[in-house]
Structures are given as C-alpha cells and as structure tokens.
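Biologist: Please take me closely through the helices of this model. I am new to this, so begin with how helices are named, then show me what surrounds them.

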Amino acid sequence: MRLAEYDRILEDLLDAADDPTQENHYLQKLLTRHRITADILTDHARQTALLAEIGSGSSPTLGFVGLTGTTALAAGVIALIQLHDAGVILPGTVRLLAMTAGRTNQSISRQFGVGLTGLIIGAAVSPSGVAITTADPATDLVQLTATIAEKHLKQTVPVTAGLFPGDARQPSLATVALGPDNQVSTATYHRFINLYIELFKQYLASMRNEKKAEIW
C-alpha cells in the first residue's frame, strides 16, 4: 500500500465520519478487499460498530479501539492491513473495534473485550496530537507504548489515569489512549501508522511467554 492510498483512506473516513453506518460499511469493504474478515455488530438499539482481527486467533490479544479520532482509526486500520498483507506471523491476535463515542453500548464493548490482554484506544486528543491514558502507569504496555511512541514521534508521551470508555470498571491492565487529532499533518499520520505496526508486533512478542491475564 502506497502513501497516497493511506491519505485517500483518511479522506474517505473523514467524509464518512458523521455517519457511523457509512463509515463501518466503508471499513468492511476495505478490509474485505485485503482478505481480513470484518463484521458489523448491531445492538438492540440498532447502534453499530465494526469488529475485525488478524493473527493467530489465540492469546495474547491486543485490542485497538478507533473511538472518536478519525486519523487514529485510519492509522490503526492501515497498520492491520500492512501486517496482514506482509504475511507477518503474529504470536497472538490484534483485534480492532471501530466505534463512535456515545453510540455503542456495553453489549458490543463486551463482545469486543472477550479475552483481551491489552488495550489501545486511538482517540482524538489535544492539539499536541499525543496522549496516553492508563489505569496503571507501571504496566509493561504503557512502558512499551511510551518507548515506541517516542521513537516514532521524537517526543516524550505523557501518561495519565483513565478508564475504557463505556466500561464502569477499572481494567486490571493498562488502557492506553494514543492517537493524533484530525488536524495533524499527513507526515505525523504516517508516523502513527508505523508506530502502531511496531507496537502491535512488539506487544504480542513481549507477551508470548508471560502470564496472559485478561482485562475484561
């Protein structure tokens, strides 16, 4: 996939951002074209979200939520596609949930969360473009994310306390929120794609021989 296609995907998602149904169908078509199974989930209130995953289908399982930041969602989706198209053998699973804040209830969140050992939230953040939110700043996921983020973004990434949106309980492992807002440059957007690719691979590799406690 070329850089021009990265930018076209971001533009398409920005055009669809006000219509979650259109956004989910666009993502389903895009992922299916790259032979990644993507399911559109609908709850009792007819609210929708898109669920997709790559890898072995086994633990450890790293979740990525494309929440409200279109740029972060686009970067996460492209990272999935790049890893899958390159035939990278992952020692675990990366699972993506595309949702819009306030529009997806806990039944969909729980379906996404089954078996997760770690979680990244790609969300719109401050104009600085970067933030990490975590329930436990000492966890390996936060340390790994901060290191990889600094490598790609050339800046220190702050860590603050937080919760997974839509879940009233504090997770037992890190909840990492990391993503550019919609005003960042395309160069920064491209850096986030490479950041997510490395983070997905490194997290699963680091967890391969660890006790795989689930956060849900």
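Modeller: Helices here are DSSP runs of H or I with at least four residues, strands are runs of E with at least two, and both are numbered from the N terminus. With that, Asp15 can be placed in helix H1, which covers residues 3-16. The model is predicted, so local features need pLDDT of at least 70 and side-chain atom pairs pLDDT 80 or more, while totals for chains, interfaces and linings use all residues. Numbering starts from 1 along each chain as its sequence is written, and side-chain values use heavy atoms, without hydrogens and water.

Stay with Asp15. Its relative accessible area is 63%, so Asp15 is exposed (over 50%; buried is under 20%, partly exposed in between, with a 1.4 Å probe and protein chains only). Now look along the chain to Thr70, 55 residues from Asp15. The C-alpha atoms of Asp15 and Thr70 are 9.9 Å apart.

Next, the partner of H1. Helix H2 holds residues 20-33 and packs against H1. The angle is about 155°, and the axes (lines fitted to C-alpha atoms over the stretch in contact, with angles from 0 to 180 degrees between N-to-C directions) are 8 Å apart. H1 and H2 are therefore roughly antiparallel (over 145 degrees; under 35 is roughly parallel, 65 to 115 roughly perpendicular, the rest oblique).

Which residues meet? On the H1 side, Glu5, Arg8, Ile9, Asp12, Leu13 and Ala16 are in contact (heavy atoms within 4.5 Å) with H2. On the H2 side stand Pro20, Gln22, Glu23, Tyr26, Leu27, Leu30 and Arg33.

Move on to helix H5, residues 140-153. H5 has 14 residues, and at 1.5 Å a residue (times one less than the number of residues) they should span 20 Å. The end C-alpha atoms of H5 are 20 Å apart, which agrees. Many side chains of H5 deserve a look: Leu141, Val142, Thr145, Ala146, Ile148, Ala149, His152 and Leu153 are its buried residues. After H5 comes Lys154, with a positive phi near 60°.

Pick out Thr145 in H5. Thr145 has a relative accessible area of 1%, so it is buried. Setting aside neighbours within four places in sequence, Thr145 touches Ile132, Val176, Leu178 and Leu199.

Now the rings. The structure has 4 aromatic pairs (centres of Phe, Tyr or Trp rings, the six-membered ring for Trp, within 6.5 Å; planes under 30 degrees apart are stacked, over 60 edge-to-face, the rest tilted). Phe64 and Phe200 have ring centres 5.9 Å apart and planes at 75°, so their pair is edge-to-face. This pair links distant parts of the chain, 136 residues apart. Phe64 sits in strand E3 (residues 61-66), and Phe200 sits in helix H6 (residues 186-207). Both Phe64 and Phe200 are buried.

Phe200 has another partner, Tyr196. Tyr196 and Phe200 are stacked, at 6.0 Å centre to centre with 15° between the planes. Both lie in H6, 4 residues apart, about one turn of the helix. Tyr196 is buried, like Phe200. Ring pairs join Phe64, Phe192, Tyr196 and Phe200 into a cluster.

Last stop: Val114. Val114 lies in the loop between helix H4 (106-113) and strand E5 (118-122). Its relative accessible area is 56%, so Val114 is exposed. Gly63 is 51 residues from Val114 along the chain, and their C-alpha atoms are 9.8 Å apart.
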